[in-house]
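Me: Got a minute to go through this one with me? I'll paste it in.

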Amino acid sequence: METVELKVEMVGIHEKRLRKCLSKLKGIEKVEVDANSQKVVVTGYAHRNKILKAIRRGGLKADFWSAQNELLSAYASASYGSLRFNNYNLF
């Protein structure tokens, strides 16, 4: 069994489209979606390139997750929470 981590641009209803694309593949056991960090974890027996190709065929922008994506996600969540302008919280 293999675990594949992907970065997928998720906006609104794209999670439903993503799950539909992956449901057509044989060997997929579990799909975990984190919309905030745009991370998708697919567990199963399907080859990682077939998973990526199925998502892209569904019209979604996707790429394999890298350590750089992890750092960018952590930085973005930390910096937006403390953004202030003249003592007014923006977020």
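Reply: Sure. One definition to start: a charge counts as sitting over a ring if NZ of Lys or CZ of Arg is within 6 Å of the ring centre and within 35 degrees of the ring normal. Also, this is a predicted model.

Me: OK, so which residue has its charged end over the ring of Phe-64?

Reply: Arg-48 does. The distance to the ring centre is 4.1 Å.

Me: And how many aromatic pairs turn up in the whole structure?

Reply: Zero.

Me: Switching to strands. How do S2 and S3 pair?

Reply: Antiparallel, over six bridges. S2 covers residues 28–34 and S3 covers 39–44. Asp-34 has Lys-39 as its bridge partner.

Me: What's in the turn there?

Reply: S2 and S3 make a hairpin, with four residues between them. Gln-38 sits in that turn and has a positive phi of about 55 degrees.

Me: What about S1 and S3, which way do they run?

Reply: Antiparallel, joined by six bridges. Glu-5 is opposite Val-41 of S3.

Me: Is S3 largely enclosed or open, and why?

Reply: Six of its six residues are buried, so the rest of the structure largely encloses S3. Lys-39, Val-41 and Thr-43 point one way from the strand. Val-40, Val-42 and Gly-44 point the other way.

Me: Now the core. Which residues touch the most other members?

Reply: The largest nonpolar core has 15 residues. Leu-6, Val-8, Leu-18, Leu-22, Ile-51 and Ile-55 touch the most other members. S1 (2–8), H1 (14–23), S3 and H2 (48–57) each give two or more residues to this core.

Me: Take Leu-22. What does it touch?

Reply: Leaving out residues up to four places away in sequence, Leu-22 touches Ile-28, Val-31, Val-42, Ile-51 and Ile-55.

Me: Two of those numbers are in the fifties. Which residues of H2 are buried?

Reply: Ile-51, Leu-52, Ala-54 and Ile-55. Down the axis of H2, the buried residues fall within an arc of 160 degrees, so they line one face of the helix.

Me: Why would that spacing work?

Reply: An α-helix has 3.6 residues a turn, so residues three or four places apart point the same way.

Me: What do the buried residues of H2 pack against?

Reply: S1, H1, S2, S3 and strand S4 (62–64).

Me: And which exposed residues are on the face turned away?

Reply: Lys-50, Lys-53 and Arg-57.

Me: Last one. What follows H2?

Reply: Gly-59, with a positive phi near 95 degrees.

Notes. Residues numbered from 1 in each chain as written. Predicted model: local features only at pLDDT ≥ 70, side-chain atom pairs only at ≥ 80, totals over all residues. Heavy atoms only, no water. Pairing = 2+ DSSP bridges. Phe/Tyr/Trp six-rings, centres within 6.5 Å; stacked < 30°, edge-to-face > 60°. Core = buried A, V, L, I, M, F, W, Y, C linked by side-chain atoms within 4.5 Å. Buried < 20%, exposed > 50% of the residue type's maximum accessible area, 1.4 Å probe, protein only. Contact = heavy atoms within 4.5 Å. Arc of directions from axis to C-beta.
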